[in-house]
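Here is a short report on one protein model. It covers annotated sites, salt bridges, one helix and the nonpolar cores.

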Amino acid sequence: MSKVMIMDHPLIQHKIGLIRKIDTGSKDFRQMISEIAMLMCYEATRDLKLQDVEITTPICTTTVKELQGKKLAIVPILRAGLGMVDGMLTMIPAAKVGHIGLYRDPETLNPVEYYCKLPADCSEREVFVVDPMLATGGSSVAAIQMLKDKGVNNIRFMCIIAAPEGLKKMQEVHPDVDVYIGAMDDHLNDHGYIVPGLGDAGDRIFGTK
């Protein structure tokens, strides 16, 4: 079974409290989504492997640590996932960025792909799929399946707020994907919104209603 990490860092919890407020405007909301993603990225990369490398300082040669093995990629689920990319790139600027676009078919309610552009060597990278909200889990599960279908095997999923229903679906369908969550909320309401949640993350990031 995959690892599930619910962030308990005080700065992450504080900022999540701020973005939940109904009177937090788009500018501040956007900024804090980016900051939360940066802090979560710091925690979620704690187990990346290191290797010894010999370098020369101005004083002498010495052995230092650097990241070993697979390079990283960030794949936001459009459109709300875009809000998390800059914060993560602040921490891992060498990461490449792909994009996955999905919409929900109004009749079947199933996610339908409308856009997918990935780095050419994505299958050789450790991929972080990011979306602020894990609600029903439909979009996230579908996005990860799209990546697997394209040969990507090293996948982690990161969201700021999750509902138990979405996490359960993720673990059932993708038990090999580690999940990083900023805050675990109570449940989904009849409209598929996370409670207490923060409303529609995409609308609040981009100022649309």
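M133 sits in strand β9; strands (E, at least two residues) and helices (H or I, at least four) are DSSP runs, numbered from the N terminus. This is a predicted model: local features need pLDDT of at least 70, side-chain atom pairs count only at pLDDT 80 or more, and totals for chains, interfaces and linings use all residues. Residues are numbered from 1 along each chain as its sequence is written, and side-chain values use heavy atoms, with hydrogens and water left out.

**Annotated sites**

M133 counts as buried because its relative accessibility is 15%. Buried means under 20% relative accessible area, exposed over 50%, and partly exposed in between (1.4 Å probe, protein chains only). Not counting residues up to four places away in sequence, M133 touches C159, I161, I194, L198, G199 and A201. Contact here means heavy atoms within 4.5 Å.

M133 belongs to a UniProt "binding site" annotation from an unreviewed entry, which also lists R79, R104, D131, P132, L134, A135, T136, G137, G138, S139 and D200. From this set, the lining of the largest pocket takes in R79, R104, D131, M133, L134, A135, T136, G137, G138, S139 and D200. UniProt positions follow the numbering used here, feature names are shortened, and annotations may be inferred rather than shown by experiment. A pocket is defined on a 1 Å grid over the protein atoms alone, as an open set of points with protein on both sides within 12 Å along at least five of seven lines; a 1.4 Å probe that fits but cannot get out marks a cavity instead, and lining residues have an atom within 4 Å of a point.

G137 is in the loop between β9 and α4. Its relative accessibility is 4%, so G137 is buried. Beyond four places in sequence, G137 touches G166 and K169.

The unreviewed UniProt entry also has a "binding site" annotation covering I194, G199, D200 and A201. The lining of the largest pocket includes I194, G199, D200 and A201. I194 is part of strand β13 (residues 194–195) and is buried at 6% relative accessibility. Residues up to four places away aside, the contacts of I194 are M133, L134, A135, I161, A162, A163, D185, H187 and L188. G199 lies in the loop between β13 and α6 (201–206). It is partly exposed, at 37% relative accessibility. With the same sequence limit of four places, G199 touches M133 and Y193.

**Salt bridges**

Side chains of opposite charge can pair when their charged atoms come close. A salt bridge is a side-chain nitrogen of Lys or Arg within 4 Å of a carboxyl oxygen of Asp or Glu. The count comes to 11 salt bridges. Three of them are tabulated, with N to O distances and relative accessibilities.

| Pair | N to O distance | Accessibility of Arg | Accessibility of acid |
|---|---|---|---|
| R46 and E43 | 3.1 Å | R46: 59%, exposed | E43: 11%, buried |
| D121 and R125 | 2.9 Å | R125: 5%, buried | D121: 21%, partly exposed |
| R156 and D47 | 2.9 Å | R156: 6%, buried | D47: 32%, partly exposed |

R156 lies in strand β10 (residues 155–162) and D47 in the loop between α2 (26–44) and β2 (50–56), so the pair ties together parts that are 109 residues apart in sequence. Salt bridges that share partners join K3, D47, E126 and R156 into one network.

**Helix α5**

Which residues of helix α5 (residues 164–173) are buried? They are G166, L167 and M170. These residues cover an arc of only 100° around the axis, which puts them on the same side of α5. The arc is that of the directions from the helix axis to the C-beta atoms. K168 and E172 are exposed on the other side of α5. The buried residues of α5 pack against β1 (4–6), β9 (133–134), α4 (138–149), β10 and β11 (178–184).

**Nonpolar cores**

A nonpolar core is a set of buried Ala, Val, Leu, Ile, Met, Phe, Trp, Tyr and Cys residues joined through side-chain atoms within 4.5 Å. The largest has 37 residues, of which I19, M88, M158 and I160 touch the most other members. At least two residues of this core come from each of α1 (10–20), α2, β4 (72–78), α3 (85–91), β8 (126–130), β10, β11 and α6. Helix α2 gives the largest share, nine residues. M88 touches A37, M38, C41, I74, F128, V130 and M158, not counting residues up to four places away in sequence. A second, separate core of 25 residues includes L102, V127, V141 and I181.
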